[in-house]
Amino acid sequence: MNDIQINAAFDSGNIEVLSIDGATARLTIRRDRDSDFFQWFHFRVSGAQGRELALTITGLNASAYPRGWPGYQVCVSEDRQFWRRTESHWDDGLEGGSLTVHHRLAGDLAWFAYFAPYSMERHHDFIARIAAADGVEYRHLGKSLDGQPIDCLEMGDGGMQVWLYARQHPGETMAEWWMEGALELLADHTSSMARELRRRCRFHIVPNANPDGSRRGHLRTNAAGVNLNREWHDPSAEKSPEVLAIRNAMDASGVDFAMDIHGDEAIPAVFLAGFEGIPSLKQEQRAGYNRYAELLERRTPDFQTAIGYPITRPGKANLSMSTNQLAERFGCVAMTLEMPFKDHDPAPNQRQGWSPERSKQLGRDCLGALLEWLVDRDPA
């Protein structure tokens with residue numbers, strides 16, 4: 001039989017073919033440009049109708065997060081709409097660490113990815129749709145190194161300045177799925193929750209802070225190989241214009257509440273990370289963060305507080321990271337939301353694992369928790 005074809009020459013594509021023999025292939029992931037980071041993959045297989053694929057991605061012990069592979073199941077779609085998980089076997093002793101995917105195609109085409117992709121074309125379609133909604137204002141914050149726009153959507157008439165931003169790390173596509181859920185709710189004028197949030201808050205929302213890395217198929221960096229979430233102390237037009245544009249806009253508006261949306265490769269759960277180690281930590285800041293986490297955990301079983309990152313010791317926060325920088329800079333309540341590439345083990349879904357659908361619902365749940373948090377602070 002003929003060899004299958006494998007291609008990644010498209011928006012957010014990433015894979016390199018080492019060899020193909022029939023329906024069996026050996027692959028490797030291309031590193032982010034000018035960087036050692038790699039973990040994100042996204043490619044298409046054709047010519048395999050009714051055949052059992054065996055696709056082995058090699059060299060993964062050197063990837064950004066080797067602990068992300070044990071227990072991980074690859075995402076696959078045959079229509080690019082619904083993404084599910086398929087059988088995947090991790091072997092840390094085979095070819096420098098390998099993940100072998102077994103999948104039988106119903107049709108001739110299938111797409112495989114580290115997580116359900118969120119393309120730049122979908123991003124532009126979504127920006128156009130939400131920007132056209134009543135009460136939504138579009139704002140161009142600046143340009144990326146590749147010349148792509150840094151899009152910001154603003155709405156609401158309240159005095160609470162709320163910043164939501166996602167995909168500093170472009171391979172964490174669940175972050176922009178989260179944005180879809182959150183923005184669809186906020187732009188819905190039939191929703192009483194959205195009306196009240198817009199009454200109390202002024203929202204500034206950046207659905208994709210790293211469009212270059214997204215289009216290039218990077219895991220963690222922009223076009224210059226820079227990790228944007230290590231640039232917030234001193235962003236520059238030469239290396240990190242994306243952060244510079246966003247932080248300048250934040251300086252102009254002020255920040256009262258901020259959430260940075262991410263995905264975690266290794267931890268099979270949804271959790272928050274805070275700013276406990278900042279030099280000027282105030283008790284009311286920490287209390288506000290803890291209260292938000294309590295409200296979100298009460299609201300949805302897709303969030304928990306038992307596991308997450310270690311708490312930073314007092315005075316030891318890394319101020320180059322956005323959550324720490326904003327909490328220190330503005331005295332606000334800031335947080336990083338992490339979703340899994342695997343599944344949310346406390347509330348698992350065998351067919352899809354963590355998914356776009358669950359990410360979107362979590363976006364809505366996070367806004368519901370924000371409204372409760374605001375009512376706690378100011379019942380009026």
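These numbered points cover two sheets, a few helices, two buried residues and the aromatic groups of a predicted model.

1. **The seven-stranded sheet.** Seven strands make an open sheet, with mixed pairing. Their order is β11-β12-β14-β13-β15-β17-β16. The edge positions belong to β11 (137-143) and β16. Each of these has a single partner strand, so one side of each lacks a neighbour in the sheet. On average, neighbouring strands are turned by 25 degrees against each other, direction ignored.

2. **Helices on that sheet.** Helix α1 (residues 120-131) packs on the sheet and touches β11 and β12. The direction of α1 makes about 30 degrees with that of β12. Helix α7 (residues 322-330) also packs on the sheet. Its contacts are with β13, β15 (257-264), β16 and β17. The direction of α7 makes about 165 degrees with that of β17.

3. **The β16 edge.** Strand β16 (residues 271-273) pairs with β17 (residues 333-340) in the antiparallel sense, over three bridges. Within this pairing, A273 stands opposite T336 of β17.

4. **F271.** This residue lies in β16. F271 is buried, at a relative accessible area of 1%. Leaving out residues up to four places away in sequence, F271 touches D264, F303, Q304, I307, G308, Y309, T336, L337 and E338. The C-alpha atoms of F271 and T305 are 6.1 Å apart, although 34 residues separate the two along the chain.

5. **Helix α3.** The helix spans residues 192-200, and A194, L197, R198 and R200 in it are buried. Viewed down the axis of α3, these buried residues fall within an arc of 165 degrees, so they line one face of the helix. An α-helix has 3.6 residues a turn, so residues three or four places apart point the same way. The buried residues of α3 pack against three strands and two helices by name: β12 (149-155), β13 (160-166), β14 (201-206), α2 (174-186) and α8 (356-377). At the N-terminal end, S191 acts as the cap of α3. A side-chain oxygen of S191 lies 3.4 Å from the backbone nitrogen of M193.

6. **Q168.** Q168 sits in the loop between β13 and α2. Is this loop residue buried or exposed? Q168 is buried, with a relative accessible area of 1%. Its side chain makes a polar contact with the side chain of N229, at 3.1 Å. A polar contact of 2.8 Å links the side chains of Q168 and W232. Beyond four places in sequence, Q168 touches A209, N210, R220, L228, N229, W232, V243, D260, H262 and S322.

7. **The five-stranded sheet.** This open sheet runs in the order β1-β4-β10-β6-β7, with antiparallel pairing. β1 (5-7) and β7 (84-86) are at the edges. Each has a single partner strand, so one side of each is left without a neighbour in the sheet. Neighbouring strands here are turned by 35 degrees against each other on average, direction ignored. β1 pairs with β4 (residues 42-46) over three bridges, in the antiparallel sense. The bridge partner of I6 in β4 is V45.

8. **Strand β9 and its partners.** Five of the seven residues of β9 (residues 98-104) are buried, so the strand is largely enclosed by the rest of the structure. β5 (residues 52-57) pairs with β9 in the antiparallel sense, over six bridges. In that pairing, A54 stands opposite H102. β8 (residues 88-91) runs antiparallel to β9, joined by four bridges. Here W90 stands opposite L99. β8 and β9 form a hairpin with six residues between them. In the turn, E95 has a positive phi of about 50 degrees.

9. **Aromatic groups.** The count comes to 16 aromatic pairs. One of them joins W69 and Y72 in an edge-to-face arrangement. Their ring centres are 5.7 Å apart, with 80 degrees between the planes. W69 is buried, with a relative accessible area of 0%. Y72 is buried, with a relative accessible area of 1%. Which residues share an aromatic cluster with W69 and Y72? They are F41, F43, W90, F112, Y114, F115 and F341. W90, part of this cluster, is the residue facing L99 in the β8 and β9 pairing.

Methods: Residues numbered from 1 in each chain as written. Predicted model: local features only at pLDDT ≥ 70, side-chain atom pairs only at ≥ 80, totals over all residues. Heavy atoms only, no water. Buried < 20%, exposed > 50% of the residue type's maximum accessible area, 1.4 Å probe, protein only. Arc of directions from axis to C-beta. Contact = heavy atoms within 4.5 Å. Polar contact = N/O pair within 3.5 Å; in protein donor to acceptor, adjacent residues only side chain to side chain. Pairing = 2+ DSSP bridges. Axes fitted to C-alpha atoms, helices over the stretch in contact; angles between N-to-C directions. Phe/Tyr/Trp six-rings, centres within 6.5 Å; stacked < 30°, edge-to-face > 60°.
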